[in-house]
Structures are given as structure tokens and as C-alpha cells.
Amino acid sequence: MSLTPFPEATALSNAPLGRLDAVLAAAHTIPRQTDVPGILRMLRYCGLPLISFQRLCVMIETPLRERCRLYSLDVTTNSNTSSRVEMFADDAKYAFFRQTDSCLLTGEELEHDFPSASRLDVFSNLRRCLLLPLPVGVNGYHAALLFIWTEGTPGEDVISLCRVLGGIVAAALTKILQSEEQNMEMEALRQERDHLNILVGIANVVNSTLDLDSLLYMVAMDLRRFFQISDVAMQLHEHDGKVTLYGTNAGRDRTCGSPRAVSVPLKGALLHCFNQNEPFRLLRENALQTVQKTDPMAAYFLGNGNRVVCGFPLVFRQKCLGVLLLAHSHADPFTRDAASLLVQIANSVACAVHNAREYASVNAESRRLAAENASLSAEIAQHQGDSAIIGQSDAMRHLLRQIEMVADSDSNVLLLGETGTGKELVAEAIHRRSSRRARPMVKINCAAVPAGLLESELFGYERGAFTGAVRQNKGRFELAQGSTLLLDEVGDLPLELQPKLLRILQSRELERLGGHTVIPVDVRLVAATNRNLVDMVREGRFREDLYYRLNVFPIRIPPLRERREDIPLLAQHFMEQISKRMRKNIVRIPADALHWLCSQEWPGNVRELANVIERAVLCSTGKLLHFEPDILKNDCKIEQPAVRSTGGRRSMVRTKSGDMRQEIIDAVNACNGLIAGPRGAAALLRVNRSTLNSRMKKLGLDVKKIMEGV
């Protein structure tokens, strides 16, 4: 490193050689100094014998930090202690320190050109001031070396020597500032790491609980450990115009107790006194005047020796949920960096408060739904108990044995029986006795849903699968996952849908309408019908392979006429049930009425019996069930259509002669030539259509000839 960086150094030739060598030799120790006061001491030692100055100054400016440091040493005293002054942004002072060229100023010139800088104590009684800008090699820094004389005037040789020393000082100061900058960067990284660790710790705490009291307690423990905060609380907004104060001991012995979830009106509370979206600071003496005595915060914070309360808003999604209140025994406890960190902590706490409130709301709604579900389950259980299978006949005992036999398996069940026999009731009994009873049974009536909608109802559909499909929808099979699906009136299932149902039964997988995702299904299928599926298979209206898939365990439900001994029990049950619903006090059915009920054919089975009993309850006024025979006659027995008069043929549908041929002819005439269907001759004769066709063929009967009277 050159010790004569300035051309003016040639003027030093006039100085005594021995003294100059001593100065330059001493100046070699300046770059070895580790701080600015050391540089000033070495300048005093090596420069004072030749230069004879009274004061030395080094100014270091950091514009990005908006401050400057002024180090000064008074050589007129015997002390080697330098003074340091921290100054904040002042453009008038900076205008002096930012000179790019060296200059020698008198006291009058300094006061005239730089009045703000001249008022500094270091420039008092100034006679001459030599300002030497120092080219330090650290970005953002400005530095200057000042030699100040209060007596005498420096010559050219002295100024030249000062410039030589300035070059040496610039190199030394560059080294010091680089070291300081590295230390500050390391400190900033350490502080950033510590802040990140604090934020991660707080985040782990706030994400570990959904209870507000526990949340506040754990946050308070961490804040007390990191920031030595005395007391912590939260004031949260409520929907009723109030705030709730949550306080905690947080491991501290308190003079005043900790209020738990105390609600107070917003007016007069701490939240009402400040801008809730900005942090605030409240001293104890001001708090006593601002906060009402009814606010529990006053006793909680101010009754424990705290001098200041700081509030940090709890803002979540641009909505202020409340304020995090921190109390401290010092009047100014937080630095700017600490306050910025606490704002981030408050944001994490706000998110946790929102989650805790949402959880509490969902939990309350879940409890409400659970209570409602329990009530509905009890009501359903009572209803199901009221609708239990009633009967003591051999046919019903056999039916119950079949139900017990198949209920706990996953085998498909096919329920066969006439309309009104209670197929749905049997399906419910199977489900209630199965291992799938925890989930509700899903039902669909294939005859009640239009054929065009039945596929989407059964298998579901994806969004956009057809016009109007604005969202994804699950079908009955998916809704019955893990439960039982009742396909009622399965005989009315369209032929084009039967292969898809068969595939689901075989593979236990389905695809929604308009979708390509294969969805596994775990469903126990119970099918019910009043149709003769064997005849439908023979006629090509029902797939044979699907029939065998459904017919794993067939259960035939006997009609009411085959278990007449159960009619009194059923009638009594319906009478009690309907009387209770209609708020009537009917207690008994007359014996002759029971005898009459047992003598009927009941083509509508149990459903028809229930309707008859309901009409009787409506007509009854006392404690005895009263029947109106003229009214009930038409409902208890479906009147058959009259036979068309054809010469000498009989007008009765069924004769006592046992003549099968004549019975068939009469039935065909009575049904106007219709063979199949509920109003056909086969139903009238109570035989299968195929059986009737076979008998007519054997007897040589033809429908067309019968209708023509041949």
C-alpha cells in the first residue's frame, strides 16, 4: 500500500527528515486498528508532532439507515478517550459531510456555508477545519476525516501530510466498515433465524389446539419466554355487540385472578378506544383514564404492576376478530423488529382463533345434528316397532325363519308376493337384522321413476352428462354404500337397463352416467316384485341371467287370505295405531266384525285391511269400532265386472258346476277378451297366464271365437 497517494505529498520535503520518517513509520500501525477510536489515537500519536492540531474527527454516514456517527478526540487534554455522537437524518449536516473535494474552512466560512453543522459541539471555537473525504470501499457509506485547529493556521506542508494520513485512514476505515457490515449481516441472519424459529414455534402451538383457553395459555407461555411479557390476553368480537376477554396465568403468580371468557359491552372496552386495525400502545396512567372500571381488562392488566399494554389486532382475511393484548412492566418493551415480529405472531393467532371458532361452530352443529339424529332414530325405531311384522300363523313363522336365516349374510334376496303383502316391511326387517344396520337402507321404486331418469337415479351422473346436469350427482347404489338397497317393483325395470344392473351385481363396480371412473360398490341388494318373473323371462321381457342373480334367496310373502288367523291381530294393531293418530279412544273390535273381516278375500291384502280399519275408525264415535257394511262392502271386496250377456250363457264368473271349459269362457267374456294383466281372465281365475293359455289350447278354445260367440 502506497503511503503517498496524493501528489501534494512532495511538499513534505521541507519537513525535517527524521521527524517525517517517524510520522510515516508510526502511520503503519493505523491499518492494524480494529475500531475508529483506535485510529484517532494513532493519528494523535503519529501526526501531532508535525501537524499541531487540536481536534480530530471521523464521520461515517450510512444513508440507507438514515443516520451518521461522529467520532471526535480532543488532543489538548491528556485523555485518549474519544467521544461518539449518533445523528439522524439532517440534510443540512450531510451537505457538509458529503463534500467530494478536500477543503480548508475558517470558522466564519463554516458558519456561513454550513450553519447546521457549525452548531455541533466539535466545531466550537473553530479557527481552521480541514475536511478530507475518505474513499471507503463499502457501498452505501460516506466518510470524512477532519483536522480542527482552534489556534494557528496549517501550512501547505501540513495539509499535504494530512492528506497522506487521510489515505492511510481510508484504507483502515474500509477494513473496519467491511468487518462491521459482515457482522451486521450475520446478526441480521441470526435474528431472522431466531424470528423464524419463534414463528414456527408459535405456528406449531396455534395449530395444536382448537380450544381458545388452551390456545391462549400456550401462546402466552411462548411469548413470556421469548419477549419476557408479563401478561397476555385476547379480546374477541362477538355477534351481539359485545367483546369477550380471555385471560391466562401463563405460569405467572398473579395478584389478580385471570378472568375466563368474560363478556362485556364493546363501548367502554379497550377495543372501543383505538383503531382496531393498527397496533397500539397504552401507558398505565393513560389506561386508568381510558378504560372503564367495569372492563375486566383494567384489573387483569393494571393490577399486576404492569406499566404498558400493547395491542396487536387479530386480522384474518381482512376482518378484525379482536386484539391480542400484551402487558409489560417496562414502559417501552419492544423494539421495531420485535413489534414487526409480534404483528406476524398476531396474524398466526388470528388464523387459529378463526379455526377454533369454526370448529366450535361445527362442533355445536354436529351436537345439534347428533341430538336430532338420535331423536329421529328413536322416532324411526318407534315407528318401525309399530310397523313390526305381526302374525302367529304357520305361514308367518316360516317367513320369520327365512328372514333370520338370510339377514346376516350379504346374499341377494328376492321378495315375491302380491301387492299389499308388506314386501317393503320384510326388506326393512332383513336390513335391521343385518350387519349393515348402522347405515340407513336406501329404497327406489322402479315403477315410480320415469324410464328416462331411472338410469341416472340408480347409477348417478357426472356434471355435463346431459342437459341440466350442472353438478355431479351420486346414484342410489353409491348412496347405499355399506348398506342395503331395496329395488322395489324390479319387474318394471326397463330391459335396456338390466345389463348394466347385472354388471354391477357381477363386478361390484359402476360408472356414473357420462363418466369413465370405475367406482367400487359394497351394497347388499334386496329386490321385490308382485310380477311373475319366470313368465317375464319366458316372454323375453326380463333377462334370464339377471333373474338368477336376483333369485339367490327367494322369499314368498303369503297373501292375507292364506293366514286368516292373523287378521284379528292385524286389525287390533291398526285400530290402536290409527286411533292414537286421530286422537280417538277406541278400545275394542266387536266379535261379529272380526268374523266378518276374517271371511273376506282381501285382494289388496294387508294394505286393504289397513284402509278398511282406518275408514271404520273415522266412522266410529265411541269406544267400540263401528263398521258401516254398505260402505265397507265395496272396499272389502273388489266387485268383478259383469259378464256380457251372450245368449244363454251364465252371468256368474265362477260357477259351482266345476266345468273348467265354461269357467274359462265366462272369464274371457267378463274381461272382454283380455287374458293377461290385473284385469285379465288369468287374474280373474287366479292362475298364471301361461297356465290359462295351456288349458285353453288343450280345450281347443280361442279368444276370438269366444268373443264372437262361436
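Buried residues account for 45% of the 710 residues in the protein chain. The model is a predicted one. The accessible surface of the protein chain is about 37,300 Å². Carbon and sulfur atoms contribute 50% of that surface. The secondary structure consists of 25 helices and 19 strands. Contacts in the protein chain often link distant parts of the sequence: of those between residues at least 6 apart, 64% join residues at least 24 apart.

An open sheet is formed by five strands. Their order is 14-15-18-13-19, and the pairing is parallel. Strand 14 (442-445) and strand 19 (553-556) stand at the edges. Each has a single partner strand, so one side of each has no neighbour in the sheet. Neighbouring strands of this sheet are turned against each other by 15° on average, direction ignored.

At one edge, strand 14 runs parallel to strand 15 (residues 484-488). Four bridges join the two strands. Asn 445 takes part in this pairing, and its bridge partner in strand 15 is Asp 488.

Two helices accompany the sheet. Helix 11 (residues 394-407) packs on the sheet and touches strand 13 (413-416), strand 18 (524-529) and strand 19. The direction of helix 11 makes about 155° with that of strand 19. Helix 12 (residues 423-432) lies across strand 13, strand 14, strand 15, strand 18 and strand 19. Helix 12 runs at about 150° to strand 13.

The two helices also pack against each other. The angle between helix 11 and helix 12 is about 40°, and their axes are 9 Å apart. Angles under 35 degrees would count as roughly parallel; helix 11 and helix 12 are therefore oblique to each other. Helix 11 passes helix 12 in a right-handed crossing. On the side of helix 11, the contact is made by Leu 399, Ile 403, Val 406 and Ala 407. Helix 12 contributes Val 426, Ala 429 and Ile 430.

A second group of strands lies earlier in the sequence. Strand 6 (residues 142-149) is mostly covered, with seven of its eight residues buried. Strand 6 is joined to strand 1 (residues 55-62) by seven bridges, and the two run antiparallel. Strand 5 (residues 128-134) is also joined to strand 6 by seven bridges, again in an antiparallel arrangement. Phe 147 of strand 6 appears in both pairings. Leu 56 stands opposite Phe 147, and Phe 147 is also the bridge partner of Leu 130.

Strand 1 has a further pairing. Strand 1 and strand 2 pair in the antiparallel sense over eight bridges. Thr 62 has Arg 67 of strand 2 as its bridge partner. Strand 2 (residues 67-74) is mostly covered, with six of its eight residues buried. In a regular strand the side chains alternate between the two faces of the sheet.

Backbone angles single out two loop residues. Most residues other than glycine have a negative phi. Asn 125 is not a glycine, yet has a positive phi of about 60°. Asn 125 sits in the loop between helix 5 (115-118) and strand 5. With a relative accessible area of 64%, Asn 125 is exposed. Glu 489 is likewise a residue other than glycine with a positive phi, near 55°. The loop between strand 15 and helix 15 (498-507) holds Glu 489. Glu 489 is buried, with a relative accessible area of 16%.

Towards the end of the chain, helix 24 (residues 689-699) contains Asn 693. Asn 693 is partly exposed, and its relative accessible area is 36%. Asn 693 and Ile 675 are separated by 18 residues in sequence. In space they are 8.5 Å apart, C-alpha to C-alpha.

Key: Residues numbered from 1 in each chain as written. Predicted model: local features only at pLDDT ≥ 70, side-chain atom pairs only at ≥ 80, totals over all residues. Heavy atoms only, no water. Buried < 20%, exposed > 50% of the residue type's maximum accessible area, 1.4 Å probe, protein only. Contact = heavy atoms within 4.5 Å. Areas by Shrake-Rupley, 256 points an atom, 1.4 Å probe, with all protein chains shown as cover. Pairing = 2+ DSSP bridges. Axes fitted to C-alpha atoms, helices over the stretch in contact; angles between N-to-C directions. Parallel < 35°, antiparallel > 145°, perpendicular 65-115°, else oblique. Left-handed = near helix turned anticlockwise from the far one by under 90°.
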